[in-house]
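Reader: Before I look at the fold as a whole, I would like to learn how to read a few backbone features and one record annotation. Could we take them in turn?

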Amino acid sequence: MIVKYNITIGMLCIALSLFMSNAKAQEEAKPVILNSGVWLKGDLHVHSRHSTESSNNSIAKIINFSKSVKMDYVCITDHDNHVNGDVEHHTWADPEFKSDSLLLLYGAEWTTTRGHGNVFSDKPYKHQRLFDVRDERDVNIGKVKNSLGIHLSANHPSGKDNFGFSYDLVQSIEVWNSSVWPKNANAIMIWDDMLSSGRMMTGRGGSDAHHGLPTGSEKPSANTYQAEYNYVGTPTTWVFAKEKSLTAIVDALTHGKVSVSSNPFAPRVEFYADANDDGKFEMMMGDNSISKGKPVKFLVQLSGNTLPDADYTITIIKNGKKLNTYHAKGKVPMVQFEDAPEIKGRTYYRVTVEGTNTAYPQVPKSMALSENMVGLSNPIYFNFDPKF
Ligand SMILES: [Zn+2]
Ligand SMILES: [Zn+2]
């Protein structure tokens, strides 16, 4: 989609036309972004009643809540070990596993002695096969994973249940698990190490919510309080998909067309580059280009519910280190900067955004746990080997 700004100048009165031409001048200053697709938001890590330690969290409840906060997709990722790998006849066979508007990915949390990972698939697959090889050598697991044609993602990779497998098994990594932002520092460090070593690996979010609020005759559990702190959408993963379909969502996840926001109402981070110096931003997150050693123009933009008076701090990370920090405010806060990627070696740039968090009244205590973290982008790459 080429963004065009065709504003008709009003002819009714001078005041109106003055106002309109002023608006036009402002609009024309906006950068031209070349891309074609649709932004979709969702949660990639949610447990339903098919995970034995969850409470008051039926699939219908998850779906209804997701719809009420305008999610486009969700992946219910129950622990596979709780059903001995037979996700197919539990989560996916649940009569509630259906929706006319919310896209439901097929997946599960691969719950193993060496760590946890989520599978994301656009169609049912033989999850049992992945469960059955969980303790085998990684090279054998990789063969099974590839034959299933699934996207595998490392979950909460550091701390307890760290991801003790080769990261060459995964296409993405959970860099933002739950509303508790500060505990993700090691996940971010691992992500930067993977990127710095030449892996184009997508960073994504997941609430890992297990507990819903009791409704009807349901009784509260000892963990019911968690639903106010962490639930569907804390954080929210945005994907830029070619179309609104399960296949396009998984494709966008695999290719890094992804940013993460603290909740469904927080602004979305968009990150673009103009690598061929034609004045148009033709690259976006996940894209990889050959560096000519010349300065490249970059654009960071916050879309959606930005807070009118908020001063957002935008930090640019280049090859794992802070390159610069900017401040932006307004309806569509925006920052442009230039930098020259290495002519020989690899370079990646990614963005984090901090500031006052947008309210999420449905999960009212989540904002305090997210602290100042508003969102993060995936990288734009230069000189990475696409066949790595
Ligand atoms: Zn887990
Ligand atoms: Zn989990």
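Author: What follows is a short reading of some local backbone features and of one annotated span in this predicted model.

Reader: Which residues does a cis peptide bond join, and what is omega there?

Author: The angle to read is omega, and at the bond between Thr234 and Pro235, which is cis, omega is about 5°. As for its setting, Pro235 belongs to the loop that runs between strand E8 (202–206) and strand E9 (236–241).

Reader: Which residue other than glycine has a phi near 50°, and is Asn56 buried or exposed?

Author: Here one reads the sign of phi together with the residue type: Asn56 is not a glycine, yet its phi is positive, near 50°. Asn56 sits in the loop between strand E2 (38–46) and helix H2 (59–68), and it counts as buried because it has 20 C-beta neighbours inside 10 Å, the cut-off for that class being 20 or more.

Reader: Where is Asp161 found, and what is its phi?

Author: Asp161, again not a glycine, has a positive phi of about 60°, and it is found in the loop between strand E6 (151–154) and strand E7 (172–177). With 16 other C-beta atoms within 10 Å, Asp161 is partly exposed.

Reader: Which residues does the UniProt domain annotation cover?

Author: According to the unreviewed UniProt entry, the annotation "domain: Polymerase/histidinol phosphatase N-terminal" covers residues 42–114. In the model, that span is 14% helix and 26% strand, and the C-alpha atoms at the ends of residues 42–114 are 27 Å apart.

Notes: Residues numbered from 1 in each chain as written. Chains lettered and ligands numbered in written order. Predicted model: local features only at pLDDT ≥ 70, side-chain atom pairs only at ≥ 80, totals over all residues. Helix = DSSP H or I, 4+ residues; strand = E, 2+ residues; numbered from the N terminus. Buried ≥ 20, exposed ≤ 12 C-beta atoms within 10 Å, placed from the backbone. UniProt positions renumbered as here; feature names shortened; annotations may be inferred.
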